[in-house]
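Me: I would like a close look at a single part of this model, with the pairing, the packing and the charged contacts around that part taken together in one connected account. Please go through it carefully and at whatever length it needs.

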Amino acid sequence: MPGWVPEAARHYLVHTECGLSIRAIARSVSRHPSTVLRQVRRWEILRDDILIDEALIRLARLVPREVRRREVKEPSDMTLQEKPIAASPDDDTFEIEARRVLRRLCESGAVLAVAPEMDKAVVVRDTTGGGTTRTAVVERAVAQALAVKDWIACVEPGRVARYRITQAGRTALGQMLAAQENAARGAAQGFAEAQNGFDGPGLTPAGQGAERKAPRFAPGDSPMAALARRRDRDGVPFLAADLVAAGERLREDFELAQMDPRVRGNWDHVLTGAIDGGRPAAGADAMGGSSAARARVEAALRELGPGLGDVALRCCCHLEGLEQAEKAMGWSARSGKIVLRIALQRLKRHYAGLGDAAGMIG
């Protein structure tokens, strides 16, 4: 089984799917039988949670048929019998996706929503105008794994179940972000050769080879969120909700593009003309997965051009602070927020011209 599966869940599956007795499991892991019994009973109760139940069904299919004591139960009506059950994520994929999704769930008012008829889960967040905006799309198997890890918990069960990040999830996210930053710093200093994540070191747009510092925003904050909270004397937000939504759409595609190892790393060549300046090939927006997301990011950055594209890439995607972006690009102090607002206005116009293209957040 994947390494992310908790020990107690393994004990439950070994007992229910393989028929191993509580005492036998306890002897094999040097635990008291009452401890294992409590674990088994707890996970049986947890199956009332739709995501945990689906996750256990997935994991049960990993048990070799010859050692099963029964046939793996089929999905219930709540888990869409007509649709095949995809494989659980491996450890590397789960860590990358968990880091992405948990950061979204740390944002104020964010919840993960899932329903039986939904192929995937979505993260939605309350907006200042009283509405909601979708900020992330999550593979159902990843959402199930997050529930099994107790990094998210159901707060509103029902036909559309809603989950929030738990304290354990916040702690895990902090540890993952710290490990990522340490790895990036070590690689920059020559102490490691691990591949950097999307917010690790990279080249500046000018190509001087300077290292991009890790963002200093809290997991639930960002330059856009900070500016959206600022208001003028009349109480009007500096960034309207539709401008924030445009930046979030760019950020979502950027993060989705990082799932393909071939497209990770430096994006600045998009702004310096190293790729074809034309539009993506016909049908590119209809593609699924990270390749389509990368095509959408490249199209958006080309539309913005140098300067506006630089600040959008830094502040919306890399989550750099405005002061850091101003310094890196040689701009005067406090000019970055104005340029960022102009970039988001043009980005909003770009997305409005695309309409409801496949794979984009509305």
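Reply: In β2, Val-122 is the bridge partner of Ala-113, and this pair is a convenient place to enter the part you ask about, the sheet and what packs around it, in what is a predicted model. The two strands concerned, β1 and β2, run antiparallel and are joined by four bridges, and they form a hairpin with five residues between them. On the side of β3, strand β2 again runs antiparallel to its partner, here with seven bridges joining the two, and within that pairing Val-123 stands opposite Ala-136 in β3. Strand β2 is mostly covered, since five of its seven residues are buried.

Seen as a whole, the sheet is open and consists of five strands in the order β3-β2-β1-β5-β4, with antiparallel pairing. Because β3 (132-139) and β4 (152-156) stand at the edges and have a single partner strand each, one side of each is left without a neighbour in the sheet. Neighbouring strands are turned against each other by 35 degrees on average, with direction ignored. At the β4 end, the pairing of β4 with β5 (residues 161-165) is antiparallel and extends over four bridges; one residue pair to look for there is Cys-154 with its bridge partner Tyr-163 in β5.

Two helices pack on this sheet. Helix α5 (residues 91-105) lies across β1 (110-114), β2 (120-126), β3, β4 and β5, and runs at about 160 degrees to β3. Helix α6 (residues 140-148) touches β1, β2, β3 and β4, and its direction makes about 90 degrees with that of β3.

The charged contacts lead from the sheet to helix α9. A search of the whole structure finds 19 salt bridges, and among the residues involved, Arg-104, Glu-107, Arg-125, Glu-248 and Arg-251 are linked in a network. Within that network, Glu-248 forms a salt bridge with Arg-125, with the closest N and O atoms 3.2 Å apart. Since Glu-248 lies in helix α9 and Arg-125 in strand β2, the pair ties together parts that are 123 residues apart in sequence, and both Glu-248 and Arg-125 are buried.

Another salt bridge of the network joins Arg-251 to Glu-107, and here the closest N and O atoms are 3.3 Å apart. This pair also links distant parts of the chain, with Arg-251 in helix α9 and Glu-107 in the loop between α5 and β1, 144 residues apart. Arg-251 has a relative accessible area of 1% and is buried, while Glu-107, at 7% relative accessibility, counts as buried as well.

Helix α9 carries a further salt bridge, in which the side chains of Asp-253 and Arg-296 meet at 2.8 Å, N to O. Here Asp-253 in helix α9 is linked to Arg-296 in helix α10 (residues 289-304), and the two are 43 residues apart. Asp-253 is buried with a relative accessible area of 1%, and Arg-296 is buried with a relative accessible area of 4%.

It remains to place α9 against its helical neighbour α11. The axes of helix α9 (residues 241-257) and helix α11 (residues 308-317) come within 9 Å and cross at roughly 75 degrees, which makes α9 roughly perpendicular to α11. In this contact, Gly-247, Leu-250, Arg-251 and Phe-254 in α9 meet Ala-312, Leu-313, Cys-316 and Cys-317 in α11. By class, the residues of the contact divide into six nonpolar, one polar and one charged. Arg-251 therefore appears in two settings, since this buried residue is part of the contact with α11 and also forms the salt bridge with Glu-107.

To follow the path in the viewer, you could begin at the pairing of Ala-113 with Val-122, go on to Arg-125 in β2, and cross by its salt bridge to Glu-248. From helix α9, which holds Glu-248, the route then leads either by Asp-253 to Arg-296 in helix α10 or by residues including Leu-250 and Phe-254 to α11.

Definitions and conventions: Residues are numbered from 1 along each chain as its sequence is written. This is a predicted model: local features need pLDDT of at least 70, side-chain atom pairs count only at pLDDT 80 or more; totals for chains, interfaces and linings use all residues. Side-chain values use heavy atoms; hydrogens and water are left out. Two strands pair if DSSP finds at least two bridges between them. Axes are lines fitted to C-alpha atoms, for helices over the stretch in contact, and angles run from 0 to 180 degrees between N-to-C directions. Contact means heavy atoms within 4.5 Å. Angles under 35 degrees count as roughly parallel, over 145 as roughly antiparallel, 65 to 115 as roughly perpendicular and the rest as oblique. Ala, Val, Leu, Ile, Met, Phe, Trp, Tyr, Cys and Pro count as nonpolar, Asp, Glu, Lys and Arg as charged, and the others, Gly among them, as polar. A salt bridge is a side-chain nitrogen of Lys or Arg within 4 Å of a carboxyl oxygen of Asp or Glu. Buried means under 20% relative accessible area, exposed over 50%, partly exposed in between (1.4 Å probe, protein chains only).
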